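Hi everyone, and thanks for coming. Let me put the sequence and the model on the screen, and then I'll walk you through a few things I'd like you to look at.

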Amino acid sequence: MLKNIKRKCQGCGKILDRNSLIKITLSEGKLYINPNSKILGRSMYICADFNCIKVAIKKKRITGALKFKNFDEISQVEKQLQKMVS
């Protein structure tokens, strides 16, 4: 039986169940929006809420959490996230 694993949203800072958050993974120099957690690598979590995504983008928490500086790749993931929640 799996435990309810908790993770922190990088946008609002709330600690929630991992299943209720969107996982963004850095693997082999590429970013993935990882809904089923099958891709392994450095990851961060964010709520499926437009305000959390805006805060994470504005405060550059995606680059900080993933320690990744490819801004073209990050902007593509940000656009995908905004489409997902709108």
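**A pocket, a strand and two salt bridges**

Let's begin with empty space: the largest pocket holds about 260 Å³. Please keep in mind that this is a predicted model.

Who lines that pocket? There are 17 lining residues, and those nearest the centre are Arg18, Asn19, Ser20, Pro35 and Ser37. By character, the lining splits into eight nonpolar, five polar and four charged residues. And which strand gives the most to the lining? That is strand β3, residues 21-27, with three residues.

So let's stay with β3 for a moment. Is it buried or exposed? Seven of its seven residues are buried. Side chains in a regular strand alternate between the two faces of the sheet. In β3, one side carries Leu21, Lys23, Thr25 and Ser27, the other carries Ile22, Ile24 and Leu26, and both faces are covered.

Now look at the neighbours of β3. With strand β5, residues 42-47, β3 pairs in the antiparallel sense over six bridges. If you want a place to rest your eyes, find Thr25, which stands opposite Ser43 in β5. The pairing of β3 with β4 is antiparallel too, over four bridges, and here Ile24 has Ile33 of β4 as its bridge partner. The hairpin of β3 and β4 has two residues between the strands, and Glu28 takes a positive phi near 55° there.

On to the charged side chains. How many salt bridges does the structure hold? Two. One of them joins Lys6 and Asp17, with the closest N and O atoms 2.9 Å apart. Lys6 sits in strand β1 (residues 6-8) and Asp17 in strand β2 (residues 15-17), so this pair ties together parts that are eleven residues apart in sequence. Both partners are partly exposed: Lys6 has a relative accessibility of 46%, and Asp17 has 29%.

Lys30 and Glu73 also meet through their side chains in a salt bridge, at 4.0 Å from N to O. Since Lys30 belongs to strand β4 (residues 30-33) and Glu73 to helix α3 (residues 71-85), the pair ties together parts that are 43 residues apart in sequence. Here the partners fall into separate classes: Lys30 is partly exposed at 42%, while Glu73, at 14% relative accessibility, counts as buried.

That's my tour. Thanks for listening, and I'm happy to go back to any of these spots on the screen.

Methods: Residues numbered from 1 in each chain as written. Predicted model: local features only at pLDDT ≥ 70, side-chain atom pairs only at ≥ 80, totals over all residues. Heavy atoms only, no water. Buried < 20%, exposed > 50% of the residue type's maximum accessible area, 1.4 Å probe, protein only. 1 Å grid on protein atoms, 1.4 Å probe; cavity = no way out; pocket = protein on both sides within 12 Å on 5 of 7 lines; lining within 4 Å. Points joined across faces, edges and corners; volume = space filled by probe spheres on them. Nonpolar A, V, L, I, M, F, W, Y, C, P; charged D, E, K, R; others polar. Pairing = 2+ DSSP bridges.
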